[in-house]
Amino acid sequence: MKKFLFSLITLLCSLPLMLQGAPVEWSYKLVDSGTDHPSLQITATIESGYHLYDFTHKGMENPLHITVSGDGVQAVGAPKAARAPKAEIDEDGADARYYTGSITFTQALKPTAANYKVTVKVTGQACNESSCSNINTGKVLEGTAPAPKADDKKADAADKQGEDASTEEQVAELVAPMVATADSLPADSAAMLGAGIDNNNLWKNVEPQLREFSHESEETSLWAILLAGMLGGLIALFTPCIWPMIPMTVSFFLKQNKSRAAGIRSAIIYGISIIVIYVAIGFIVTGLVGAGGLNELSTNAWFNVFFFLLLVVFAISFMGAFEITMPSKFVNKMDAKADSTIGLLSIFLMAFVLALVSFSCTGPIVGTLLVETATTGNYLSPAVGMFGFAFALALPFTIFAMFPTMLKSMPKSGGWLNSVKVVLGFLELALALKFLSIADLTNNWRILDREVFLCLWIVIFGLLGMYLLGKLRLPHDSKVEKIGVGRLMLAIVTLSFTVYMIPGLWGAPLKAISAFAPPSRTQDFSLYQGEVHPRSLDYEEGIALAVKEDKPILLDFSGHGCTNCRELEGAVWTNDAVRDMINDDFVLVSLMVDERTPLPKPIVKERAGGETVIIETIGELWGYLESEKFGIMAQPYHVILDHEGNPLSAPMDYNNGKNPERYLDFLRTGLDNYLNRRAPAADKK
């Protein structure tokens with residue numbers, strides 16, 4: 001256990017180093033350029049103590065992935081390593097394959113033009129004994145090929161014409177559904193330049209200009225996460241896994257110590273240990289994949305499907321079908337270790353045992369909290385959420401140790417604890433649908449449109465109301481002889497909420513659940529006509545449309561899986577004044593940073609620090625735009641731009657944009673500045 005504690009402290013101390021990137025240096029070289037059979041050599045120089053996972057690695061870590069594409073050249077086969085990877089069975093029983101030192105990979109190429117460009121993208125993970133660092137790098141190299149023979153020129157020209165036609169068809173197919181207007185909208189770079197737009201200027205960094213507009217904003221995001229974590233901790237308290245432990249643990253501390261002061265001191269250390277354990281979980285999860293990686297993972301379709309299934313299993317368990325516990329052998333071993341240890345380590349082990357035995361109740365809450373905090377884009381969010389959760393969980397143990405007479409006023413364990421668990425099961429089942437909805441929206445499956453989602457929620461919460469009234473009984477439930485006032489009030493709230501959702505089946509906005517329900521655009525039948533819809537889902541085409549209509553651009557960085565985006569759209573954009581102003585005075589451009597649709601071919605961009613980035617999907621492109629142009633990676637993020645891509649006001653994020661009046665001020669300021677800038681230009685003409 002001392003080794004475990006040492007490793008945990010070492011990991012926490014190493015987190016700042018993990019932000020610096022992977023400890024692997026990459027070099028790229030074209031070999032035999034100018035011949036018919038060139039090749040690309042990719043060399044990784046791995047820092048001592050680290051290992052780089054191979055393509056065939058089967059463990060939890062991300063295996064190496066090398067993508068080679070090109071303009072005027074084709075990759076032949078897959079990259080080949082100069083030597084075989086080391087192979088062993090890791091501590092989790094997985095087949096680990098990795099490299100150390102230096103390793104070179106060779107990719108065979110076939111030129112299809114006299115001059116060509118090769119684009120290589122490398123992803124994966126490099127790890128040492130305590131941490132892993134993500135790899136995401138690449139480069140573009142140029143080469144030449146021998147002049148084609150006279151007999152081959154005609155065939156090459158035909159092939160090239162076919163490739164160009166294919167690419168144009170891909171671009172047309174990709175762009176067509178993005179623009180709402182179809183009347184002669186400029187769609188390529190030549191048209192953009194013809195409209196007087198400098199294409200390169202649209203992507204330049206504007207952080208200094210934003211700082212000129214910025215005023216002191218409310219730093220409430222971390223506070224909101226802290227409060228959400230505390231709410232999760234309070235909910236966890238009233239479960240059969242935690243509630244009975246409070247009097248048992250407090251009594252143990254008071255009896256085990258010679259004085260009441262010593263018992264209080266032990267309880268305080270116990271509470272601090274709980275906080276340390278859960279905060280460490282937050283840091284470890286974020287440290288392993290990074291805030292950006294966790295954000296990307298939270299919008300991954302298959303991860304959300306997995307989390308949906310996991311929450312369904314937890315919900316069924318909460319309802320009494322079966323019990324989920326940690327392996328008894330491991331828990332008993334830790335419990336015995338705690339009993340045989342003395343001092344601070346013993347108290348820490350007791351807190352660790354509490355986290356293990358309460359897993360069946362706290363696991364779903366902790367998992368949901370970690371995923372939700374990931375979408376904020378803030379590296380500290382998971383740790384802050386875990387601190388709030390652990391603080392609320394640990395507080396009763398400390399308070400009752402200080403004032404032991406209060407233990408007498410605690411409600412005794414009984415059937416009501418099972419009822420709390422069943423209620424949590426219903427809530428878990430409803431929340432699980434949100435994760436399935438994210439996967440559905442991201443992949444455009446259309447299996448969980450808004451009306452289907454609402455039907456399921458109406459049934460779930462209607463059954464929950466019947467359960468609270470004692471009309472529905474589940475395994476392990478005792479017969480409800482009479483309904484208490486608290487239970488009756490909760491049933492009234494639940495059934496009222498059920499009735500509130502019914503008009504949503506015909507298109508009512510339902511602002512209270514806009515953060516969870518799929519957007520209204522997924523609903524097949526709607527009588528409501530007050531929705532705000534983007535004019536374009538493409539940045540440059542939105543600018544071209546704004547030039548044509550002589551309006552400023554309202555740029556909305558959003559995501560299919562962004563809960564806060566749906567809440568802002570449902571609660572603010574449906575306000576009559578806000579809706580009318582957006583529709584009448586702006587060109588709304590929504591950019592989905594988690595859009596997985598691949599680009600016709602990869603795009604090579606360079607970050608401010610000189611790092612080369614290979615962009616393969618539409619969402620990656622908009623994420624690059626947000627981070628490089630505006631210096632932020634969080635959604636929702638709204639900014640008003642002129643036709644050259646310059647900001648016209650301070651940006652608006654989720655915390656400041658939830659108030660319709662404040663959002664109206666944001667729109668008015670941007671529009672006024674646009675009109676003021678346009679006036680001098682008109683005078684010159």
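Let's start with a pair of strands: strand 11 (residues 553–558) runs alongside strand 12 in the parallel sense, and the two are joined over 6 bridges. Keep in mind as you look around that this is a predicted model. One of the links is easy to find, since S558 has M592 of strand 12 as its bridge partner.

Stay with strand 12 for a moment. It covers residues 587–592 and is mostly covered itself, with 6 of its 6 residues buried. V587, V589 and L591 point one way from strand 12, while L588, S590 and M592 point the other way. That pattern is what one expects, because side chains in a regular strand alternate between the two faces of the sheet. Here, the residues pointing in either direction are all buried.

Helix 15 makes a nice contrast. It has 17 residues, 485–501, and at 1.5 Å a residue it should span 24 Å; its end C-alpha atoms lie 25 Å apart, so the expected and modelled values agree. Which residues of helix 15 are buried? They are A491, T494, T498 and M501. These four cover an arc of only 90 degrees around the axis, which means that they sit on the same side of helix 15. On the other side, V485, V493 and V499 are exposed. Helix 14 (450–468) is among the elements that cover the buried residues of helix 15.

Now move to the largest nonpolar core, which holds 37 residues; I246, Y270, I274, Y278, F389 and L393 touch the most other members. At least two residues of this core come from each of helix 5 (221–237), helix 6 (245–256), helix 7 (260–298), helix 10 (344–357), helix 11 (359–374) and helix 12 (381–402). Helix 12 gives the most, with 9 residues. To see how I274 fits in, look beyond its neighbours within four places in sequence: I274 is in contact with A351, L354, A390, L393 and A394. There is also a second, separate core of 29 residues, which includes F308, M319, A430 and I513.

Finally, have a look at V305, which belongs to helix 8 (residues 301–318). Is V305 buried or exposed? Its relative accessibility is 17%, so V305 counts as buried. Leaving aside neighbours within four places in sequence, V305 is in contact with A439 and W445. V305 and I438 show how the chain brings distant parts of the sequence together: they are 133 residues apart in sequence, yet 8.6 Å apart in space, C-alpha to C-alpha.

Notes: Residues are numbered from 1 along each chain as its sequence is written. This is a predicted model: local features need pLDDT of at least 70, side-chain atom pairs count only at pLDDT 80 or more; totals for chains, interfaces and linings use all residues. Side-chain values use heavy atoms; hydrogens and water are left out. The expected span of a helix is 1.5 Å times one less than its number of residues. Buried means under 20% relative accessible area, exposed over 50%, partly exposed in between (1.4 Å probe, protein chains only). The arc is that of the directions from the helix axis to the C-beta atoms. Contact means heavy atoms within 4.5 Å. Two strands pair if DSSP finds at least two bridges between them. A nonpolar core is a set of buried Ala, Val, Leu, Ile, Met, Phe, Trp, Tyr and Cys residues joined through side-chain atoms within 4.5 Å.
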